[in-house]
Structures are given as C-alpha cells and as structure tokens.
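Student: Hey, I've just opened this one and I'm new to it. Can you walk me through a few spots?
Tutor: Sure, pull it up and ask away.

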Amino acid sequence: YGRAFASYLAGTAASIITPGKLGEYPARILYLRPEARLRFASAAVVGWCAHLLALCAAAVFGCLASGAFWWKMPLLVLSAAGAALFGLVFFRAGTVLQWLGRWRWMRRLAARGAATLRLPARQKAVVFGLSVLRIGVM
C-alpha cells in the first residue's frame, strides 16, 4: 500500500500544476513499477469512464429538471450521447475491445485491455456509485 499511496501523492502533485487535472493519472502511472502500469492504466480508464458517465447523466438530469428549452437542446443531446458512449465503454468494455480488435494496429491494446478490464458487475456498480456520489457532492 505504501507504493500505491506514493503514486497517489505523485498524481495529486501533478494535478496541481496541470490544467484540468490532466497530469494526475499519467503521473500516477509513471510512478508505478513497469509491470503494474498497464493494469493501473486500464483501471484508470474504467474510473474515468464511470466519472464521465455520472457527469453526463447529471447533465441530462439537470437539463430535464430545469425545463429543456430550445437553447438547452444541444446540451441535452450531447450529454445523452456522452452518457450512452461512456456507459457502453464502462459496462461493456469487452464488446468495445472486441470491436477495436478488428483493426490491426489496435489488436495488441485490445488483447491486453481484455485481460485487465474484466471487473465483476458488483465492483463496477461500486465504482459507478462512488462517481455518482462524487458528482452529487460537487
């Protein structure tokens, strides 16, 4: 746990100096041992997709709750499309990786990702629930 905590601190330090916290995950990944980097990168993608899915769902809810006037329709459509896309990647990562494996240059990534993105539905529900809670607090 010590190495993971140090990686977390490195990510937090990088997020302070990069716009929009862009440097957080790359700094965490680079701080880990090389054999653990791919596993953490795939876990970071799952967490990122859960966060964006919760954010897009909250945007759809906000548009509908406040009365979707004509000027809010582009936001509503974009948010719904984003929620659908990130929901597909989050809940059906294996299907998305199979689809990406059709291209020769993506086969290696798809094969490695398929081995590391297999999470039980219960863990995905917990990750998504924490993302919804995080958006709700904001």
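Student: Which helix gives the largest share of the lining of the second largest pocket?
Tutor: That's helix 3, with 5 residues. Keep in mind that this is a predicted model.

Student: Okay, and which helices each supply at least two residues of that lining?
Tutor: Helix 1 (2-17) and helix 3 (34-65) each do that.

Student: How many residues line the second largest pocket, and which lie nearest its centre?
Tutor: There are 13 lining residues, and Ala-4, Leu-32, Ala-36, Arg-39 and Phe-40 lie nearest the centre. By class, the lining splits into 6 nonpolar, 3 polar and 4 charged residues.

Student: And how much space lies in there?
Tutor: About 260 Å³.

Student: Back to helix 1. At what angle do helix 1 and helix 2 pack?
Tutor: About 145°, and their axes are 7 Å apart. Helix 2 covers residues 24-31.

Student: Is that crossing of helix 1 and helix 2 left-handed or right-handed?
Tutor: Right-handed.

Student: Which residues in helix 2 meet helix 1?
Tutor: Glu-24, Ala-27, Arg-28 and Tyr-31 do. On the helix 1 side, the residues include Arg-3, Tyr-8, Gly-11 and Ser-15. Taken together, the residues of this contact divide into 6 nonpolar, 3 polar and 3 charged.

Student: New topic: how many aromatic pairs are there?
Tutor: The count comes to 3. One pair to look at is Phe-90 with Phe-128, whose ring centres are 6.3 Å apart.

Student: Why is that pair of Phe-90 and Phe-128 called tilted?
Tutor: Because their planes sit at 40°, and planes under 30 degrees apart count as stacked, over 60 as edge-to-face and the rest as tilted.

Student: Where in the chain are those two?
Tutor: Phe-90 is in helix 4 (residues 73-91) and Phe-128 is in helix 7 (residues 121-137). They are 38 residues apart, and the pair links distant parts of the chain.

Technical notes: Residues are numbered from 1 along each chain as its sequence is written. This is a predicted model: local features need pLDDT of at least 70, side-chain atom pairs count only at pLDDT 80 or more; totals for chains, interfaces and linings use all residues. Side-chain values use heavy atoms; hydrogens and water are left out. On a 1 Å grid over the protein atoms alone, a cavity is a set of points where a 1.4 Å probe fits but cannot get out, and a pocket is an open set with protein on both sides within 12 Å along at least five of seven lines; lining residues have an atom within 4 Å of a point. Grid points are joined across faces, edges and corners, and a volume is the space filled by probe spheres set on the points. Helices (H or I, at least four residues) and strands (E, at least two) are DSSP runs, numbered from the N terminus. Ala, Val, Leu, Ile, Met, Phe, Trp, Tyr, Cys and Pro count as nonpolar, Asp, Glu, Lys and Arg as charged, and the others, Gly among them, as polar. Axes are lines fitted to C-alpha atoms, for helices over the stretch in contact, and angles run from 0 to 180 degrees between N-to-C directions. A crossing is left-handed if the near helix is turned anticlockwise from the far one by less than a right angle, and right-handed if clockwise. Contact means heavy atoms within 4.5 Å. Rings of Phe, Tyr and Trp (its six-membered ring) pair if their centres lie within 6.5 Å; planes under 30 degrees apart count as stacked, over 60 as edge-to-face and the rest as tilted.
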